[in-house]
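Dear colleague,

I am passing a structure on to you, together with some notes on what was found in it. Please look through it first, and then read on.

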Amino acid sequence: MGATRGASLPPQTLCMSNVGISGIRTGMLMRKSPFTVCVVGGGFTGSAAAIACLTRIKTPFRLVMIEPSSALGRGVAYGSHHPLNLLNVRTRNLSIRAGQPGDFLNWAFGQLDQGENQAGLHEALAHTFLPRQLFGEYVRQRLFETVARRADFEFTVIAGTALACAIEGDRYRIALDRAETVVADIVVLATAYGVVRSAGTGALAPFEMVPGERLARAGSIALIGSGLTMTDVLLSARRDGFQGKALVISRRGQLPRPHAPKGVVPQQVGLPRSRRVSMLAAALRIACEMAEENGTPWQAIINGLRPSLQDIWQGLAADEQARFLRHLRPFWEAHRHRLPMEVHGRLRAEFSEGRAHLLRGSVVEVTRDGERFKLKLKRRASEEHEIIDADLAFDCSGFKPDLDQSLIASLFARGLARPDPHRLGLVVRRNGEVMGEGGRPTEGLFAIGPLCQGTLWEITAVPEIVAQADQAAESVAALSESEAGAERRAASA
Ligand SMILES: Cc1cc2nc3c(=O)[nH]c(=O)nc-3n(C[C@H](O)[C@H](O)[C@H](O)COP(=O)(O)OP(=O)(O)OC[C@H]3O[C@@H](n4cnc5c(N)ncnc54)[C@H](O)[C@@H]3O)c2cc1C
């Protein structure tokens, strides 16, 4: 594969950081106080929201993106922490452009030195699991290309963190961790898992870099959680020189399952119209078993269910959703969020060859003792606590939307947003419109992606985020057009 070009910001971008303004295109058709969309968070979701707004909004406008990291488009999933970590989805199924499902495949194909058998290469690439970092580069390029195509548009990137958001008059005022504030007509929250920080105390965060020399010295690693994040951390540690024992601690002991071989077509099954999660789970299990008996991989059933998952989730009462979260979530996630077969093979070998051990229980506390870690563990079906020592310990229990950060807290305090009953995210409509206190939507305030998990459940992966960003942008475009119309009428009066 040819070297990827590092995408750079297009010329009409205002980069506001502590070092000042780096570039601006002059002569834009902008009014004094242009219609302004502020996207908070510049990871995958923020980029998808920006691209969708640029595609949907036809009148001149200004887009301000607030993001503390310099690596726009990457976020926690597509950064450079471990360049060899692979996507968990085949190339053909990823795209940041709504309505263009093969876009990442075509982009990746364009990066290759294509040789003679172009059709064969395209087909092979479609079924491949490429590095996540490469997907991050694709996201950046698509963002910057889309920005560069619009001349009637100003793009400002603020290298900072949004701390609070309030309504002032008929606009939003967003306070930052620096002197200035942003005034906007629309706010799109794409803050998901919050600002990435080292844990400082307790277990290490999964993305924390440990020097190879320390990994090579380590005799043991404790990994809290047994899903995709654990797999990333363990296999990355192996690549970086770790040769000791891995202890994987998990309440239910569910390891991620593999994807099916290529070419599996999603199959839709009619689940009973039950509002009881136990009934739905039983029906799904039977459907998967029957499919297997008929020679269809169970993965086809899970894939076929995906378009209905938001409906199914919203059809459950809050106590049934809570039951799912308490009892079934680990089983569901192990089957829904799967590994490329080759990665799954390496994970299996860790356990079958005795380099890794699975322990069922919950970690109550992790303390640091110099460079070492002490884990207080409660095994399943035991009231006793035991202490486990490890040279390294990582919290791989999964990324959770950050509702505790001050920006989100300020929205709760002002009644502009409210948390869902499970505190997994905000209460939203399908298109991301945020619901405030009193059950009314807060006009002009949107949340996209993982922040909507409690309301929509199936909203953390690329296709659902892109679809939601597009729906949100459609609503934003309607608001911008009504604003532009009002302005024209005022000017001609
Ligand atoms: C490790 C991992 C691997 C994944 N792999 C796949 C995959 O293979 N296929 C797939 O379909 N999906 C995958 N996903 C799921 C999906 O793509 C992610 O959920 C997606 O990356 C979410 O992006 P995001 O921008 O919403 O969140 P984040 O990546 O968390 O980005 C949020 C951004 O907001 C910024 N931010 C937060 N708070 C503020 C604030 N107050 N002010 C300013 N900025 C702020 C942060 O700095 C951050 O950059 C993966 C997820 C993870 C975690």
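A polar contact, as the term is used here, is a pair of N or O atoms within 3.5 Å. Please keep in mind that this is a predicted model.

By that cut-off, an oxygen atom of the ligand makes such a contact with a polar backbone atom of T460, at 2.8 Å. A polar backbone atom of F44 lies 3.0 Å from an oxygen atom of the ligand, while for T45 the partner is an N or O atom in the side chain, 2.5 Å from a ligand oxygen. The ligand taken alone exposes 1,000 Å², of which the protein buries 93%.

As for the surroundings, the ligand has 33 residues around it, and the closest are T45, E67, Y78, N88 and Q405. Sorted by class, this shell holds 20 nonpolar, 11 polar and two charged residues.

Turning to the helices, α1 spans residues 44-56 and α4 spans residues 132-149, and the two pack with their axes 10 Å apart at an angle of about 30°. Angles under 35 degrees count as roughly parallel, and α1 and α4 are therefore described as roughly parallel to each other. Their crossing is left-handed.

With best wishes

Technical notes. Residues numbered from 1 in each chain as written. Predicted model: local features only at pLDDT ≥ 70, side-chain atom pairs only at ≥ 80, totals over all residues. Heavy atoms only, no water. Near = heavy atom within 4 Å. Polar contact = N/O pair within 3.5 Å; in protein donor to acceptor, adjacent residues only side chain to side chain. Areas by Shrake-Rupley, 256 points an atom, 1.4 Å probe, with all protein chains shown as cover. Nonpolar A, V, L, I, M, F, W, Y, C, P; charged D, E, K, R; others polar. Axes fitted to C-alpha atoms, helices over the stretch in contact; angles between N-to-C directions. Helix = DSSP H or I, 4+ residues; strand = E, 2+ residues; numbered from the N terminus. Parallel < 35°, antiparallel > 145°, perpendicular 65-115°, else oblique. Left-handed = near helix turned anticlockwise from the far one by under 90°.
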